Amino acid sequence: MARAVSRNQKIGWTIAAWIVALVIFFPILYAIITSLKTEQEAIAGFNLIPSFTFESYQAVQSQNDYFKPFMNSVILSVGSTILALIVAIPAAWAMAFSPTKRTKDILMWMLSTKMMPAVAVLVPIYLIFLRTGLMDTRIGLTILLMLINLPIVVWMLYTYFREIPGEILEAARMDGATLRDEIVHILTPMAVPGIASTLLLNVILAWNEAFWTIQLTTTNAAPLSAFIASFSSPQGLFWAKLSAASTMAIAPILILGWFSQKQLVRGLTFGAVK
Amino acid sequence: MATRQTASLARLMRAPAIVLLLIWMLVPLGMTLYYSFLNYNLLNPTNTSWAGWFNYQYFYTDPAFWESIWNTLVLTLGVLFITVAGGILIAMLIDKPIFGQGIVRILVISPFFVMPPVAALIWKNMIMHPSYGVFADIAKFFGAAPIDWFAQFPLFSIIVIVAWQWLPFATLILLTSLQSLDGEQMEAAEMDGAPALSRFIYLTLPHMARAITVVILIQTIFLLGVYAEILVTTNGGPGFASTNLTYLIYRAARLNFDIGGAAAGGIIAVVLANIVAIFLMRAVGKNLD
C-alpha cells in the first residue's frame, strides 16, 4: 500500500493509538507501580510514582511462601504441555501425512471435545479426584490440564505439519530414506518451529487456567491461579502485596505472550484465521 | 503413497490421542448424566436414590436458574458487543501508519495474558474499589460521590473486567484479518471517491466477516464458562445478581454438596454449549479443505 500519508495525519493516528493502548494497558501498569509502593502509599490515593521499595515482594515470599505456588505453576504448565505434545505429535503427523477419509471427521470431533463446558464434568471429576486420592496432587492436575489442551495441541500441530510439503517426504522415500532418516532429517528441522509455537501457546493457556486449579487444589499442588484467587477473602493480602504477587504471576507469561502473538491467533482460532 | 504398512503405522500414531480424548469425553459426561438422575447429596451420601427427572425439574423451576440464564446471556452478549465493536475500531487504528506500532500492539494484547483471578483482583481492588480505586479517585477529583461498583452494578462490573480480558483477543484476530485486506482495491475505491464510511461498510466489514464470526463463536465458548472473575469479586451476589450458569452449578456442587442437582445443571450447560458449538464447527470446518 504505497499511499502517501501526510506527516500530520500519521502523528494524529499515533497519538490516538497510544492513548488507547495506554488505557488498555493501564491496570497492568498500575499493578506493577503499586507493587513498588509501601502499603500506606498504596491506599493513599492516585499516585503513579512509587517509592520503589521491594518490601512487598519480600513479604509475599516470607509470609505466603510464594515460591511454592510459582513452582507448581511451572511444573503443571510445562508438564501438561510436554505430555500433550508426546501424545499429539504422532497423531498430528499421521493425520497430516497419511490422511484417510475419516481424518477430517476425527479432527472435528477432537475440536468438539473442547466445546464441552468444564462445569458439566465438575461433579464426576471432583468425585474421581476425591476417591482416587488425586485431589490436591500435581500429577492429577497435570493429567487433567493435558487432556483439556490436547485438542488445541493436535489442531495446532496439524495446521503446522500440513504446511510441510508432502513431496519432500515422498522424494526422501524414493531415495530410500528409512523412517529414522525421515524423522531425523526431515521431520525434526521442518517441524520444530511449529512444535515450539504450540508449546509456547499451551504453556500460556495452562498457566492461566483457573477453573480446575481452583476446584482441585488446596495448598499442596495449588498453582498461582489458585493461590491468587485465595486472596479474594477480606483477610487476604493488602494492596501492595497483592500487586507484588500479581506482578510476579503474570510477568513470565506476559513476556512469553509477546513472543507468541502470531501463534496465538492461529492456535485459538484452530487455524481458521491466519 | 500410503502403503499398507504406513497406513497401519499411521493408525498406531493416531490411536493414543483418540483413545485419551474418547475416555475424557465419554466417562465424565456419562457419569454426569447418571448422577443427574440421582438424589445424591455429599452431606448424606448413604441416602442416595433414583430421582427420575426430579433434579431437572428442581433446577428448571428454581428462580435462581432463570436469573442465572439471564445473567449468562447478558454477560456473554455484553462482552461480545464491547469486544467486537471495540476490537474493530482498535484494529483499524493500529493498522494505520503509526509510530511505535509494535509497542502499541504489545500493550493492547497484554491483558489477554493476565490470568483471570489476577485480572479480577486488580480491577476489584485497584480500579473499582469504592474508597481506594482509581475510579473513586477520579470521582473525588470531580467532586462526585464514588460508586461502589460491585454492590450497585455487580454484573456490569464483571462484564467490564471480562471484556478487558477479551478485547485483545478480538483486536488481534481482527487485525490479522485486516492486514490481509487488498490494499489496491481500497485505493481504487478511494480514487473513485467512495467516502470512508462506505469503504468501511462495503469493503472492510465484508472482508472481516469471517474473522468476526470466529471471534464471536470462540469467545462465546469461553464466556459461557466465566468463573474465576465472579468468584473473586462478587461471589455471584448480591443474591444471585451476578451468578451465571457456570457459577450456579459450582454452587450446587461445592457449596450445597448437591451432586444430583449440579449434574442436571451440567447437562443443561452441555446442551446450551452444543448449540453454539455446532455453528463454530461449521465455520472452522469450511477452512479444512
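Colleague: How many residue pairs are in polar contact across the interface of chain A and chain B?

Modeller: Across that interface there are twelve residue pairs in polar contact, counting pairs with both residues at pLDDT 80 or more. Keep in mind that this is a predicted model.

Colleague: And what is the count of salt bridges between chain A and chain B?

Modeller: Zero salt bridges between chain A and chain B.

Colleague: Which element gives the largest share of the side of chain A that touches chain B?

Modeller: H1(A) does, with 19 residues. By class, the side of chain A that touches chain B has 76 nonpolar residues, along with 17 polar and ten charged ones.

Colleague: How many residues are in contact, counted on each chain?

Modeller: There are 103 residues of chain A in contact with 92 residues of chain B.

Colleague: What area do chain A and chain B bury between them?

Modeller: About 9,300 Å², and 79% of that is on carbon and sulfur atoms. On the chain A side, A:Ile24, A:Met115 and A:Trp239 lose the most area to chain B. Together those three account for 7% of what the chain A side buries.

Colleague: Switching to chain A by itself. What does the domain assignment give?

Modeller: Domain 1 of chain A is 7-58, and domain 2 of chain A is 67-268. The contact between them takes twelve residues from domain 1 of chain A and ten residues from domain 2 of chain A.

Colleague: How far apart are the C-alpha centres of the two domains?

Modeller: The centres of domain 1 of chain A and domain 2 of chain A lie 32 Å apart.

Colleague: What do these domains bury between them?

Modeller: Domain 1 of chain A and domain 2 of chain A bury about 910 Å², with 76% of it on carbon and sulfur atoms. In domain 1 of chain A, the residues that lose the most area to domain 2 of chain A are A:Glu39, A:Ser56 and A:Tyr57, together 47% of what that side buries.

Colleague: How many salt bridges does the rule find there? And how many residue pairs in polar contact?

Modeller: Zero salt bridges across the interface of domain 1 of chain A and domain 2 of chain A. The polar contact count between these domains is also zero residue pairs, with both residues at pLDDT 80 or more.

Colleague: Which elements give two or more residues to the domain 1 side?

Modeller: In chain A, helix H1 (7-35), helix H2 (39-42) and helix H3 (55-64) do so on the side of domain 1 that touches domain 2. H1(A) has the largest share of that side, five residues. By class, that side of domain 1 of chain A has six nonpolar, four polar and two charged residues.

Colleague: Where does UniProt put "transmembrane region" in chain A?

Modeller: The unreviewed UniProt entry has that annotation on residues 12-33, 74-94, 106-129, 141-161, 182-207 and 238-259 of chain A. In the model, residues 74-94 of chain A are 100% helix, with end C-alpha atoms 30 Å apart. Residues 182-207 of chain A are also 100% helix, and their end C-alpha atoms lie 34 Å apart.

Colleague: And which residues of chain B have that feature?

Modeller: For chain B, UniProt (unreviewed entry) lists 12-37, 69-94, 106-123, 155-176, 208-228 and 259-281. Residues 12-37 of chain B are 92% helix and 0% strand, with end C-alpha atoms 38 Å apart. Residues 208-228 of chain B are 81% helix, and the end C-alpha atoms lie 31 Å apart.

Colleague: Where is "domain: ABC transmembrane type-1" placed in chain B?

Modeller: UniProt, again from an unreviewed entry, places that feature at residues 69-280 of chain B. The span is 76% helix and 0% strand, and its end C-alpha atoms lie 21 Å apart.

How values were computed. Residues are numbered from 1 along each chain as its sequence is written. Chains are lettered from A and ligands numbered from 1 in the order in which they are written. This is a predicted model: local features need pLDDT of at least 70, side-chain atom pairs count only at pLDDT 80 or more; totals for chains, interfaces and linings use all residues. Side-chain values use heavy atoms; hydrogens and water are left out. UniProt positions are given in the numbering used here, feature names are shortened, and annotations may be inferred rather than shown by experiment. Helices (H or I, at least four residues) and strands (E, at least two) are DSSP runs, numbered from the N terminus. Domain bounds come from an automatic or database domain assignment. Contact means heavy atoms within 4.5 Å. Buried area is the accessible area (1.4 Å probe) that two parts lose on being put together, summed over both. A salt bridge is a side-chain nitrogen of Lys or Arg within 4 Å of a carboxyl oxygen of Asp or Glu. A polar contact is a pair of N or O atoms within 3.5 Å; within protein, one must be able to donate a hydrogen and the other to accept it, and residues adjacent in sequence count only if both atoms are side-chain atoms. Ala, Val, Leu, Ile, Met, Phe, Trp, Tyr, Cys and Pro count as nonpolar, Asp, Glu, Lys and Arg as charged, and the others, Gly among them, as polar.
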